[in-house]
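Here are my notes on this one, as numbered points. Have the model open while you read.

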Amino acid sequence: MDAVGTVGTVDAAGDVEVLIAGAGPTGLVLAIDLARRGIRHRIVERSERGFPGSRGVGIQPRTLEVLDDLGAVDAIRAAGGPCPLMQIWEGPERVRERDLVHRAAAGPATPYPELLMLPQWRTVEVLYGRLEDLGGTVDFSTEMTGFSQDGDGVTATLRRADGSEETVRAGYLVGADGGRSAVRKALGVPFSGEPVDPRPVLIADVALEGVDRGHWHMWPKADGGLLAARPLEGAETFQVIARFEDVTYEPEVTRDATPEALLALLERRTGLPGLRVGEVTWASVYRARAAMAERFRTGRVFLAGDAAHIHSPAGGQGLNTSVQDAYNLGWKLGAVLRHSAPEALLDSYDTERVRVAADVLGLSTSVHADDRAHPEDGLHRRGPETLQLSLHYRESPLTREARRDVPEGALRAGDRAPDAPCVDASGAEVRLFDAFRGPHFTLLDLTGEPPRQPLPATPWLRTYRVGGPEADLHDAGGHAKTAYGSGLFLIRPDGYVGLATDEAGDVAAYVRAVAVAG
């Protein structure tokens with residue numbers, strides 16, 4: 001593949017405005033976001049029908065908020081379920097139960113407080129269904145075999161399963177094509193990292209009988225290495241994980257794992273009688289590694305998801321960080337392509353997401369290290385930091401904190417915008433997340449006073465006065481005031497506070513400079 005050229009104006013005669021390589025969760029979330037913005041896009045996937053395995057099974061609360069905005073959260077929640085209690089075993093004997101994850105009650109600011117479990121193949125199905133609802137589709141069995149970029153766009157070559165080829169012209173290309181990303185390699189972007197754990201791990205989706213489906217079963221002291229089995233939501237299968245303590249050992253069970261080989265492994269490590277193994281629907285062997293691309297943007301080409309960063313699976317951060325990559329990039333592409341935002345806005349994708357990815361890599365590696373430090377428990381309890389609700393963009397060039405004397409611990413520009421229940425003039429409940437939902441910016445006026453200056457009028461900015469004279473929403477329970485304090489808060493389309501100020505003039509200046517010039 002070639003990857004050369006500089007950034008210029010979009011070629012209006014191009015086939016599509018955005019070409020996406022890869023239809024995993026990252027590519028699908030980006031396609032959904034672009035579809036609702038009316039951005040002409042195309043998403044291609046080399047496989048026949050998407051990812052077949054369970055792999056990324058934990059959907060964090062912040063990702064549920066993203067899926068709420070994109071119109072997919074109800075289907076995701078209907079398909080998934082809570083993380084089950086962990087049943088610790090020693091051989092055939094049950095030892096104790098323990099809880100792996102941080103659990104909290106839903107509150108006014110956080111409607112989705114807990115991790116949701118769902119096999120990745122099912123998540124992909126739900127996202128594909130949502131894309132279809134919006135009129136989009138995926139070109140399966142279609143591989144991007146090469147591309148070049150110039151000042152006006154990207155020219156890519158696509159090859160179908162029958163060997164036929166097609167040339168596509170796009171304004172931008174997004175490589176969401178996984179940890180072995182061909183797009184990243186073609187760009188020559190360094191992918192730096194290190195092994196997190198040299199021990200090989202087998203992961204397989206199997207039909208298993210002989211253990212109950214109400215627990216996440218774990219044998220942390222099994223001969224040869226930890227073994228775990230967890231029932232998968234919406235399926236008859238279990239996800240089986242087996243760690244091999246001998247780092248030189250080549251597991252007898254590989255990608256073409258047989259039921260006979262898996263049964264022998266399970267019997268040897270658990271000592272349970274009467275186990276039965278049926279079909280093995282997917283299997284893989286991996287060694288935990290952490291790595292990150294040196295940059296996420298090269299001219300008109302972007303890297304997202306595993307193409308930009310890979311993590312240890314400990315703590316359930318990888319899929320969730322990837323989804324937020326797409327969510328961050330989608331609104332910025334929309335702003336440039338539809339609202340005359342400055343091209344430099346796209347640079348902030350790299351600036352913001354590189355820092356977040358580095359922090360998440362550190363968190364995943366730390367959780368993995370905690371697991372190794374507590375071998376008797378199998379997996380160390382996950383803390384609230386894994387929920388991704390505290391991730392922020394306070395240091396971003398898009399963030400403006402213009403208030404004086406902000407109290408310690410208060411919401412600041414760059415933070416995630418909390419939810420809160422309010423009521424409208426008719427008395428009907430309207431949550432702030434209802435106001436945020438959609439591809440627009442949202443201005444919350446919590447000053448409690450009539451505006452001293454006119455607020456900017458643009459179709460991509462919606463204003464809600466919360467409390468005070470001529471209120472659009474009434475903060476009947478005081479939850480919005482508790483979450484935000486007083487002032488004007490401009491909420492980005494990805495649900496983060498871009499600007500916090502007391503002056504309406506700051507809002508107009510931010511809108512002109514950052515994202516919605518037209």
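1. Buried here means under 20% relative accessible area, with exposed over 50% and partly exposed in between (1.4 Å probe, protein chains only). By that cut-off, 57% of the 518 residues in the protein are buried.

2. Keep in mind that this is a predicted model, where local features need pLDDT of at least 70, side-chain atom pairs count only at pLDDT 80 or more, and totals for chains, interfaces and linings use all residues. Numbering runs from 1 along each chain as its sequence is written, and side-chain values use heavy atoms, leaving out hydrogens and water.

3. For secondary structure, I get 11 helices and 27 strands (DSSP runs numbered from the N terminus: H or I of at least four residues for helices, E of at least two for strands).

4. Take contacts (heavy atoms within 4.5 Å) with a separation of 6 or more: 69% of them join residues 24 or more positions apart.

5. Now the cavities, meaning sets of points on a 1 Å grid over the protein atoms alone where a 1.4 Å probe fits but cannot get out. The whole structure has 4 of 30 Å³ or more, and the largest holds about 160 Å³ (points are joined across faces, edges and corners, and the volume is the space filled by probe spheres set on them).

6. What lines that largest cavity? There are 14 lining residues (an atom within 4 Å of a point), and E65, D69, Y327, F433 and F436 are the closest to its centre. Helices α2 (61-69) and α9 (432-436) each give two or more residues to the lining, with α2 giving the most, 5 residues.

Terms used:
On a 1 Å grid over the protein atoms alone, a cavity is a set of points where a 1.4 Å probe fits but cannot get out, and a pocket is an open set with protein on both sides within 12 Å along at least five of seven lines; lining residues have an atom within 4 Å of a point.
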